[in-house]
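Colleague: Could you take a close look at one spot in this model for me? Start there, then work outward until I can see how it sits in the whole.

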Amino acid sequence: MLTTNQQTLIELSVGGKFHDTTLATLLSDQDSMLAAMFSGRWDLPKTEAGRRFIDRDGTHFAEILNHLRGTHVLPNEADVLEKLLEEAKYYQLRPLVARIEAHDLFVRPVHVIYQQRGERSVRGLPLVNFFQLAHLRRERDSFLARTAQKLYDNGSHHSRVLTIILVDLGRAHDDLSATALAHKPSFYTPATDRTAFADFDATITIGADLNVQISALSILRRGRARELLLKSALDTVFHYLRTGEVHLHFCLNEFRRHLEKDYTRLTEEAASGTAIDTAREPRLSWIDVINQMNSHSIIDDLVMPLVCDVAGYFGLQQFVRLSKESALMKKKPFLRTNSI
């Protein structure tokens, strides 16, 4: 058992790494687990050399001790900071947790902007989502996390806000930063503080996972129904990044309304000879479109595979795994409520 003399030297082995400190340091945060461990009520195991043993990774324990001594400066490396946060939570050092979570590497604002190429958004403006940098690093090894970190490293000295644009970079600079967002100048960021996933639209294909071809899917190559599907997929992924939860953001009735409007517009363009691409002209009646769409489950066969494709594009493998294990992704009999 420990003595009550707070100047007693304590020799520790934390995961095999040696640290020496005083009892006063270990007891300095009375609400922490360390204070409880060294209060005299716990009988900690000892190594053969007589060091008290704590079965944790000791890599960052020196930072923990420096915090308790009041001499700690937070590191500026994201991976180190996140591992230190894990240790601070384990030892229940609430002041250190608060300091880390307030670090610029966690709270730097990031705007993620999407606008379908060649189309206006549902509300006539780009779709802008607001994040803290820590949200985009939820899956540390993902392509999105690495991109966000590189963006921070390259632009941290230039701008208060970082920007990720899901569209071609040239269009992003000309249309988004200069024109469409002119009424919100804070969205504009220097080139060093923004990056673009230029191939996002070209890479994501709606209905790519279907075993059979549905000609009605040609309507979804452009237009508001396509944009709604992509926005729903992005919203679902973005909700996960903020909360860690898989929750589908999709309205079947709204999708049907947009699909019908797109069909009507494409039909009128074909009739007037103004169709942008004759390959996209609808050659089916609206009833045929409905019947083809309803031969499959809209959510199971169209929406959720699209959500997983979008998550896979960003390298969010844990999200894909969680999605496939969720009730929304489990195979079930055809439901009329899951159709248009």
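Modeller: Start at glutamine 92. This residue sits in the loop that joins helix H4 (78–90) to helix H5 (94–101). Bear in mind that the model is predicted. Look at the backbone here. The phi angle of glutamine 92 is near 60°, so the sign is positive, and the residue is not a glycine. Most residues other than glycine have a negative phi. Next, the surroundings. Is glutamine 92 buried, exposed or partly exposed? Its relative accessible area is 35%, so it counts as partly exposed, because that class lies between 20% and 50%.

Two other loops are worth setting beside this one. Take glycine 50, in the loop between helix H2 (33–37) and strand S3. Glycine 50 is partly exposed too, because its relative accessibility of 30% falls between the cut-offs of 20% and 50%. Glycine 50 and glutamate 11 lie 39 residues apart in sequence, yet their C-alpha atoms are 7.9 Å apart. Then go to leucine 248. This residue belongs to the loop between helix H11 (224–243) and helix H12 (252–272). Leucine 248 has 14% relative accessibility, and it is buried because the limit is under 20%. Its C-alpha atom is 9.5 Å from that of serine 323, which is 75 residues away along the chain.

Now the strands. Glycine 50 leads us to S3, which follows its loop. Three strands make up an open sheet, in the order S2-S1-S3, with mixed pairing. Strand S2 (17–22) and strand S3 (52–54) are the edges, and each of them pairs on one side only. From one strand to the next, the twist averages 30°. Strand S1 (residues 9–14) pairs with S3 through three bridges, in the parallel sense. Within that pairing, valine 14 has isoleucine 54 of S3 as its bridge partner. A helix lies across part of this sheet. Helix H3 (residues 61–69) crosses S1 and S2, and runs at about 10° to S2.

Move on to S4. Of the six residues in strand S4 (residues 109–114), five are buried, and the strand is mostly covered. S4 has two partners to look at. With strand S5 (residues 127–132), the pairing is antiparallel over six bridges. With strand S6 (residues 162–166), it is parallel over five bridges. Strands of a sheet pair through backbone hydrogen bonds. Valine 112 is a good residue to click on. Its bridge partner in S5 is asparagine 129. In S6, valine 112 stands opposite isoleucine 164. Beside it, histidine 111 stands opposite threonine 163 of S6.

Why call S6 largely enclosed? Five of its five residues are buried, so the rest of the structure largely encloses the strand. In a regular strand the side chains alternate between the two faces of the sheet. In S6, both faces are covered. Leu162, Ile164 and Leu166 are buried on one side, and Thr163 and Ile165 are buried on the other.

Leu166 also takes us to phenylalanine 200. Leaving out residues up to four places away in sequence, phenylalanine 200 touches Leu166, Tyr114, Leu234, Val310, Tyr313 and Phe314. Phe200 is also one of the best-connected members of the largest nonpolar core, which has 88 residues. Phe38, Leu220, Phe255 and Phe314 join Phe200 in having the most contacts inside that core. Helix H14 (residues 298–313) gives the core its largest share, 11 residues.

For your bench work, check the cysteines too. The whole structure has zero disulfides. Cysteine 251 is partly exposed, because its relative accessible area of 35% lies between 20% and 50%. Cysteine 308 is buried, because 9% relative accessibility is under the 20% limit.

Last, step back to the whole protein. The secondary structure holds 15 helices and seven strands. Of the 340 residues, 49% are buried. Among contacts with a separation of 6 or more, 70% join residues 24 or more positions apart. The exposed area is about 17,000 Å², and carbon and sulfur atoms supply 50% of it.

Notes:
Residues are numbered from 1 along each chain as its sequence is written. This is a predicted model: local features need pLDDT of at least 70, side-chain atom pairs count only at pLDDT 80 or more; totals for chains, interfaces and linings use all residues. Side-chain values use heavy atoms; hydrogens and water are left out. Helices (H or I, at least four residues) and strands (E, at least two) are DSSP runs, numbered from the N terminus. Buried means under 20% relative accessible area, exposed over 50%, partly exposed in between (1.4 Å probe, protein chains only). Contact means heavy atoms within 4.5 Å. Accessible areas come from the Shrake-Rupley method with a 1.4 Å probe; for residues, only the protein chains shown count as cover. A nonpolar core is a set of buried Ala, Val, Leu, Ile, Met, Phe, Trp, Tyr and Cys residues joined through side-chain atoms within 4.5 Å. A disulfide is a pair of cysteine sulfur atoms within 2.5 Å. Two strands pair if DSSP finds at least two bridges between them. Axes are lines fitted to C-alpha atoms, for helices over the stretch in contact, and angles run from 0 to 180 degrees between N-to-C directions.
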